[in-house]
2 protein chains.
Amino acid sequence: MLDAADAACAAHGARLTPLRRQVLGLVLESPQPIGAYALLDRLKESRSGAAPPTVYRALDFLLEHGFVHKVERLNAFVGCRSATEGHDHHDHAHTVQFLICGRCGHVQELEDASVRAALAKAAAHAGFTPGRMTVEVEGTCRDCARG
Amino acid sequence: MLDAADAACAAHGARLTPLRRQVLGLVLESPQPIGAYALLDRLKESRSGAAPPTVYRALDFLLEHGFVHKVERLNAFVGCRSATEGHDHHDHAHTVQFLICGRCGHVQELEDASVRAALAKAAAHAGFTPGRMTVEVEGTCRDCARG
DNA sequence: CGCCATCGGTTATAAAGTAACAGGTTCCAG
DNA sequence: CTGGAACCTGTTACTTTATAACCGATGGCG
Ligand SMILES: [Zn+2]
Ligand SMILES: [Zn+2]
Ligand SMILES: [Zn+2]
Ligand SMILES: [Zn+2]
């Protein structure tokens, strides 16, 4: 996962510095969306000088390059699970959708073409040129519904 | 608009108190989404004792009863423009969509059935039981695209 | 070397949201 | 009408989330 990020950065002339790489690793190893300050606490374990700007700057980079997404409803960040699957990352970041389980906190990333199309059509009908889309559905995941 | 809210509250046994009514008025008269603290500043002009809880509690009530919506991407609130059109308000609040112009800041409220259906289908396909949905599209509105 | 751009450390502050308690009001059962 | 429960608001203090501004270090490049 991190190696793929190295490769993607090399290909785009972006610099996945040790700090950025470490933050990406922390986000990826979190089973749930992780907040910037939780990330900061983890980061402090190895970087005593870490402060909010440290983590926010790294997150800005990772967001910009599509390695992580922000879940707006949670003010938290998730690693992109399709970053290594050959999508157009830039586009993906603008159209990704999340299913957020309100019980266990699990977040699943989707990229459903019909959702995207329906939104694009609705926007066009209103004379609106769509850009970045935030689509987040709160509900109950399969596992929690069974239990 | 406010009169309609009075009527809706009376019909549901909810109490649209002077404070809540005033906050709703402030949200409705704002041409753009308005943040809680901007709201607080306006509120202070007539209520010297207003503090964050004052406005957040009023907003909680207004959100719960569907008179306003929160735009997650902006941490700001908009008056519901369809609250008086006989929709099922409770359901509406869970499925409303926003088109947010990044240039002029204008926000248009939508409730597109095909978007909702596409999302419900995508969620079901993942074994997910959907609840409240956040759908926000950032882009350029018709007016700004022309200019 | 001297210059520029990028990165990250550091301090401070802004913006957004909540907890907890106290006093007042409304409303209904008795 | 009285007493208590539920609700509403004032008030203080605090937490969480995010950004501004400044600085030195690093590294490429003419
Ligand atoms: Zn992704
Ligand atoms: Zn779950
Ligand atoms: Zn609405
Ligand atoms: Zn516009």
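**Entry 1: α2 and α4 of chain B**

I looked up which residues join these two helices: B:Leu19, B:Arg20, B:Val23, B:Leu24 and B:Val27 in α2(B) meet B:Thr54, B:Ala58, B:Leu59, B:Phe61 and B:Leu62 in α4(B). Contact here means heavy atoms within 4.5 Å. By class, this contact holds 8 nonpolar, 1 polar and 1 charged residues. I count Ala, Val, Leu, Ile, Met, Phe, Trp, Tyr, Cys and Pro as nonpolar, Asp, Glu, Lys and Arg as charged, and the others, Gly among them, as polar.

I note that the model is predicted: local features need pLDDT of at least 70, side-chain atom pairs count only at pLDDT 80 or more, and totals for chains, interfaces and linings use all residues. Residues are numbered from 1 along each chain as its sequence is written, chains are lettered from A and ligands numbered from 1 in the order in which they are written, and side-chain values use heavy atoms, with hydrogens and water left out.

I then took up the geometry of the pair. The axes of α2(B) and α4(B) come within 9 Å and cross at roughly 80°, which makes α2(B) roughly perpendicular to α4(B). Axes are lines fitted to C-alpha atoms, for helices over the stretch in contact, with angles from 0 to 180 degrees between N-to-C directions. Angles under 35 degrees count as roughly parallel, over 145 as roughly antiparallel, 65 to 115 as roughly perpendicular and the rest as oblique. Helices (H or I, at least four residues) and strands (E, at least two) are DSSP runs, numbered from the N terminus.

**Entry 2: two helix pairs of chain A**

For helix α3 (residues 36–46) of chain A and α4(A), I find axes that come within 9 Å and cross at roughly 110°. The two helices are therefore roughly perpendicular to each other. Their crossing is right-handed; a crossing is left-handed if the near helix is turned anticlockwise from the far one by less than a right angle, and right-handed if clockwise. From α3(A), A:Ala36, A:Tyr37, A:Leu39, A:Leu40 and A:Leu43 meet A:Pro52, A:Thr54, A:Val55, A:Tyr56 and A:Leu59 of α4(A). This contact divides into 9 nonpolar, 1 polar and no charged residues.

For helix α1 (residues 2–12) and helix α2 (residues 18–29) of chain A, the axes come within 10 Å and cross at roughly 140°. That makes α1(A) oblique to α2(A). The crossing of α1(A) and α2(A) is right-handed. On the α1(A) side I list A:Leu2, A:Asp3, A:Ala5 and A:Asp6, which meet A:Arg21, A:Leu24, A:Gly25 and A:Leu28 in α2(A). The residues of this contact are 4 nonpolar, 1 polar and 3 charged.

**Entry 3: DNA strand C**

Which residues come nearest to DNA strand C? Of the 18 residues around the strand, these are A:Thr17, A:Arg57, B:Tyr37, B:Tyr56 and B:Lys70. A residue is near a strand if one of its heavy atoms lies within 4 Å of it. Sugar and phosphate account for 48% of the atoms of DNA strand C that come within 4 Å of the protein.

I next examined polar contacts (pairs of N or O atoms within 3.5 Å). For B:Lys70, a side-chain N or O atom is 2.6 Å from a phosphate oxygen of DNA strand C. For B:Tyr56, a polar side-chain atom lies 2.9 Å from a phosphate oxygen of that strand, and for A:Arg20 the value is 3.1 Å, again to a phosphate oxygen.

The elements giving two or more residues to this surface are α2 and α4 (52–64) of chain A together with α4 (52–64) of chain B. With 4 residues, α4(B) gives the most. The surface has 7 nonpolar, 4 polar and 7 charged residues.

**Entry 4: DNA strand D**

Around DNA strand D I find 17 residues, of which A:Tyr37, A:Tyr56, A:Lys70, B:Thr17 and B:Arg57 come nearest. Of the strand's atoms within 4 Å of the protein, 46% belong to sugar or phosphate and the rest to bases.

A base nitrogen of DNA strand D is 2.6 Å from a side-chain N or O atom of B:Arg57. Phosphate oxygens of the strand are reached by A:Tyr56 at 2.9 Å and by B:Arg20 at 3.2 Å.

The largest share of the surface near DNA strand D, 4 residues, comes from α4(A). By class, this surface divides into 7 nonpolar, 4 polar and 6 charged residues.

Terms used. A polar contact is a pair of N or O atoms within 3.5 Å; within protein, one must be able to donate a hydrogen and the other to accept it, and residues adjacent in sequence count only if both atoms are side-chain atoms.
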